[in-house]
Amino acid sequence: MAATTAEYASDTLPGETVDTVVIGGGAAGLNGALMLARSRRTVVVVDSGTPRNAPAEAMHGFIGLDGTPPLELLENGRRQVRSYGGLVVFGEVVSAEPAAPSDDLRFTVTLRDGRTVSARRLLVATGLRDVLPEVPGLAKHWGRSVIHCPYCHGWEVRDEPIGILAVGPASIHHALLFRQLTDDLVYFTRDTVLDADTRARFAARGIRVVDTPVAAVVDDLDGRIAGIRLADGRLIERRVLAVVAGMEARTEGLDGLGLPMEDLPEGMGRRFASGMAGATDVPGVWVVGNATDLTAQVGASAAAGALAGSHINALLATADTDAAVVAAKT
């Protein structure tokens, strides 16, 4: 059996080829690494240290872990991966590409500081980047008073005066979801189309519609959101704003893999295309978590990582056996 990654220093990448490099240290990547490490696979996780949910005070909707601070969950995950011999390093991947052809798949991953590591398989779990509408004062409240997911943050803002900043058709259903959480909901159309039927449906649910253009988000003296300043100077008081953010898979450093990508309908975002267990059209490369499932919450991302990890291990076991049969004949 090859040396386990427990033998490597925490900041030193192994010189020999490892079974799997996991690019991304969120819930999906760490859970995939956990499954591989527990199967005695040599695995290296490259973590950029920039999780999507870092601004949030707690994660929700994950049974048994509801209310856990995101960074605490990740730290526990790193510790558990390391306890089974996995290596977790912090760094930014600048390139990942197939190595020279051989009897088995090989990939070379290069970090910005020049370190490199070779792997038989790759698990991409880079997550996504949220793209907010360009409204002055909006971005600084992201993940706290500016939210996107009623399931992640809805309970915490129940009964607050909430505003929906429309970005397109998806915002209409977004408003209906947040109406479940508060009786005081204002829909800011922001030049998007809202037909008569939708206006009637909103009126039936007590959702107020504002068509005047939005100028800026205004803060109170404590730095919290006070409301929305309209182009005509009026202030519509709101304490929480909800927006359907655009979602773009993080692709930096991965161009050399040639992974297929696809756009989601209604401008919701762009993701890596993947199939069963996160397998891609590129042999030896899997993609999991928000990089391929843009709407997955933490629990779903973690589950996808576990499935991909077990799938990678199963195929490696077959490859190892095939190699052993060939070696026995020589």
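Which residue stands opposite Thr20 in strand 6? That would be Arg121. Keep in mind that this is a predicted model. The protein chain has 6 helices and 19 strands, so expect plenty of strand pairing below, starting with strand 6 and moving on to two open sheets, a few buried residues and the aromatic side chains.**Overall picture**

- The protein chain comprises 330 residues, and buried ones make up 46% of them.
- Measured out along its principal axes, the C-alpha trace spans about 80 × 35 × 35 Å.
- Among contacts with a separation of 6 or more, 58% come from residues 24 or more positions apart.

**Strand 6 and its partners**

- Strand 6 covers residues 116–124, and because 8 of its 9 residues are buried, this strand is largely enclosed by the rest of the structure.
- Strand 1 (residues 18–23) runs parallel to strand 6, with 5 bridges joining the two. The Thr20 and Arg121 pair from the opening belongs here, with Arg121 on the strand 6 side.
- Strand 5 (residues 107–111) pairs with strand 6 in the antiparallel sense, over 4 bridges. Here Phe107 stands opposite Ala119 in strand 6.
- Strands 5 and 6 form a hairpin with 4 residues between the strands, and Gly114 in that hairpin takes a positive phi near 95°.
- Strand 19 (residues 285–287) pairs with strand 6 in the parallel sense, over 3 bridges. Leu122 has Val285 of strand 19 as its bridge partner.
- As background, strands of a sheet pair through backbone hydrogen bonds, in either a parallel or an antiparallel way.

**The antiparallel open sheet**

- Strands 12, 13 and 14 form an open sheet in the order 12-13-14, with antiparallel pairing.
- Its edge strands are strand 12 (214–219) and strand 14 (235–237), each pairing on one side only.
- On average, neighbouring strands of this sheet are turned by 25° against each other, direction ignored.
- Strand 13 (residues 225–230) and strand 14 share 3 bridges in the antiparallel sense. If you want a residue pair to look at, Ile228 has Ile236 in strand 14 as its bridge partner.

**The parallel open sheet**

- Another open sheet has 5 strands in the order 8-15-9-10-11, and the pairing is parallel.
- Strand 8 (146–147) and strand 11 (208–210) are the edge strands here, each pairing on one side only.
- Strand 10 (residues 185–188) and strand 11 run parallel and are joined by 3 bridges. Val186 stands opposite Arg208 in strand 11.

**Buried residues in and around the helices**

- Gly32 sits in helix 1 (residues 27–38). With a relative accessible area of 0%, Gly32 is buried.
- Leaving out residues up to four places away in sequence, Gly32 touches Leu123, Gly305, Ala306 and Gly309. One of these, Leu123, falls within the 116–124 range of strand 6.
- Gly32 and His311 are 279 residues apart in sequence, yet their C-alpha atoms are 9.6 Å apart in space.
- Thr42 comes in the loop between helix 1 and strand 2 (43–47). Its relative accessible area is 6%, so Thr42 counts as buried.
- A polar atom of the Thr42 side chain lies 2.8 Å from the backbone nitrogen of Asp19. Asp19 itself falls within the 18–23 range of strand 1.
- Gly77 is found in helix 2 (residues 70–83). This glycine is buried as well, with a relative accessible area of 13%.
- From C-alpha to C-alpha, Gly77 and Ala33 are 9.6 Å apart in space, while 44 residues separate them in sequence.

**Aromatic side chains**

- Searching the whole structure turns up 1 aromatic pair.
- Arg158 lies over the face of Trp155, at 4.0 Å from the ring centre.

Conventions:
Residues numbered from 1 in each chain as written. Predicted model: local features only at pLDDT ≥ 70, side-chain atom pairs only at ≥ 80, totals over all residues. Heavy atoms only, no water. Phe/Tyr/Trp six-rings, centres within 6.5 Å; stacked < 30°, edge-to-face > 60°. Lys NZ or Arg CZ within 6 Å of the ring centre and 35° of its normal. Pairing = 2+ DSSP bridges. Axes fitted to C-alpha atoms, helices over the stretch in contact; angles between N-to-C directions. Buried < 20%, exposed > 50% of the residue type's maximum accessible area, 1.4 Å probe, protein only. Contact = heavy atoms within 4.5 Å. Polar contact = N/O pair within 3.5 Å; in protein donor to acceptor, adjacent residues only side chain to side chain.
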